[in-house]
Amino acid sequence: METPESSQIQFDEALYNKVTEGKATILFPTSNEVFYNPVQQFNRDMSIAAIKTWSEIYAEERRKKAEKKKANRGKDIMGFKAGKSTLGEDTSEEFTVLEALSATGLRSIRYAKEIPNVKYVVANDLEPDAVDAIKRNIKFNQLSEDKVRPNLGDACSVMYEHRDPSKRYDVIDLDPYGSAIPFIDGAVQAVSDGGLLCVTCTDLAVLASNSYTETCFYKYGGMPVKAEYSHEMALRLVLNSLQASAARYKRQIVPLMSCSIDFYVRLFVRVFTSPAEVKKYASKTSMVYHCTGCKSFQTQPLGKITIDGNSTKYGPMTGPAVNGLCEHCGSKHHVGGPFWGANIHDKEFVTRLLKNIQESKDDYNTHPRMMGMASVISEELDDPFYYTLSGLTGTLHCISPSLLSVCSALLNKGYRVSVSHACQGSLKTNAPNDIIWDVMRSWVEKHPVKNISENSPAFKILSKKPSFDADFTQHPDATPGSRKIKLVRFQQNPTKNWGPKARHKRKR
């Protein structure tokens with residue numbers, strides 16, 4: 001339900017601390033009735049840049065669609081033109097935003113003040129004291145409640161009430177304490193066609209480890225594995241949950257950018273209504289077989305698509321993709337997934353995002369960090385998962401080569417490589433496992449290892465000769481552009497004792 005006008009609210013500024021972020025200043029109660037976490041400023045800065053970039057693309061698409069319809073209607077029909085009639089097409093660049101879990105209203109106020117063409121933002125919260133804070137901050141920031149609309153209500157109910165295509169929001173932002181899963185079903189229905197869904201999940205202890213596999217499975221419908229790539233696995237598990245919910249309503253997700261940040265994941269995905277694309281869901285869903293010994297992995301899609309002329313058939317993939325025991329070290333496999341196996345970033349979107357960030361240096365306090373992360377993401381390969389240099393050398397108990405050397409060896413062999421934004425020292429490549437181990441065998445031949453147990457994965461891997469002599473000569477593409485210009489590519493802990501703040505408690 002809509003709340004009364006903020007002009008009716010009186011407040012004593014002496015009772016509040018002022019917190020300025022971007023173009024917004026909020027009154028933060030000394031009683032901590034709703035919390036503020038400065039570490040999340042990066043989340044909000046990146047969200048503003050992402051929504052700006054999406055809105056440009058969205059406006060371009062709407063203009064092209066309107067122009068196409070205008071051209072079609074303007075053709076001569078029966079000797080006269082129909083193009084003069086009112087088209088009724090919405091060519092406005094304005095768009096609406098729902099922040100479903102608003103707390104202080106800081107994010108909503110920043111969106112209203114810093115993002116062009118925002119028609120209005122609905123700042124919703126379930127707690128009356130949070131809505132009071134939203135109204136205070138709207139008034140303090142000299143905004144109207146027509147621009148930022150405080151709303152007291154259950155987030156799921158608000159979204160379910162806007163499932164009708166004529167009532168949908170263009171952008172829905174979910175930034176809960178913990179998992180966003182309870183809100184996903186409503187969100188994928190309430191976002192407009194081609195709209196943007198922004199999702200945060202802070203429960204990485206569930207998503208990025210194998211300590212709570214049962215919890216991860218019943219929440220996200222997927223099983224994590226204990227692996228170096230656990231943070232990318234977390235992103236892909238959440239994406240698969242989004243698509244599983246959207247598919248029920250014949251809608252598909254298109255990931256624009258998927259970020260592993262500090263103690264949470266942040267995803268930006270578009271949602272479209274497309275029954276034809278939903279049929280491809282199984283082919284975009286994968287499982288992973290992860291070796292418990294040498295940490296090799298093999299992914300496999302659940303479905304396949306066969307195209308024969310004008311005929312398209314959908315069916316199950318043949319398998320399994322691995323033997324009962326690892327072919328490299330003889331250890332058992334753990335099975336992880338299902339997870340989102342397709343692209344987790346849209347390179348064209350990330351390129352435009354980077355340009356917007358570069359042109360708005362003074363608008364973001366976390367600008368260096370934004371540039372670093374977005375640049376690494378723009379260079380990241382689409383192939384699922386990655387190795388780490390420490391993991392490879394730890395398996396073989398050998399001295400470590402430089403990441404540059406290993407990347408060069410794979411590039412010189414004709415494969416592609418990159419790092420992942422989710423982990424420093426990571427190695428993403430389209431090279432198969434046997435090629436990676438042959439590169440490491442070649443390295444160990446030049447730097448021998450002593451006293452290896454015969455029962456260890458290292459002994460079994462090194463007992464086989466490499467099929468080729470790896471060339472560790474530095475390749476020109478081994479040094480990515482983000483490293484050449486010395487960006488802060490991987491982030492240090494943002495503050496002392498950083499992490500999610502304590503959950504807000506209701507007043508008694």
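**Exercise 1. Find which residues make the nonpolar surface patch of about 290 Å².**

Solution. Ile-305, Ile-307 and Tyr-314 make this patch. Patch members have over 30% relative accessible area and no salt bridge, and nonpolar side chains (Val, Leu, Ile, Met, Phe, Trp, Tyr) are joined within 5 Å. A salt bridge here is a side-chain nitrogen of Lys or Arg within 4 Å of a carboxyl oxygen of Asp or Glu. Areas come from the Shrake-Rupley method with a 1.4 Å probe. Next, place Tyr-314: this residue is in strand β15 (residues 311-316), strands being DSSP runs of E with at least two residues and helices runs of H or I with at least four. Finally, Tyr-314 is partly exposed, with a relative accessible area of 39%; buried means under 20% and exposed over 50%.

A word on the model: it is predicted, so local features need pLDDT of at least 70 and side-chain atom pairs pLDDT 80 or more, while totals for chains, interfaces and linings use all residues. Residues are numbered from 1 along each chain, and side-chain values use heavy atoms, without hydrogens and water.

**Exercise 2. Work out which helix gives the most to the largest nonpolar core.**

Solution. A nonpolar core joins buried Ala, Val, Leu, Ile, Met, Phe, Trp, Tyr and Cys residues through side-chain atoms within 4.5 Å. The largest has 86 residues, and Ile-172 and Tyr-229 are among those that touch the most other members. Helix α8 (residues 230-247) gives the most to this core, with eight residues. A second, separate core of 49 residues includes Ile-26 and Val-121.

Technical notes
Patches are made of residues with over 30% relative accessible area and no salt bridge: like charges are joined within 9 Å, nonpolar side chains (Val, Leu, Ile, Met, Phe, Trp, Tyr) within 5 Å. Buried means under 20% relative accessible area, exposed over 50%, partly exposed in between (1.4 Å probe, protein chains only).
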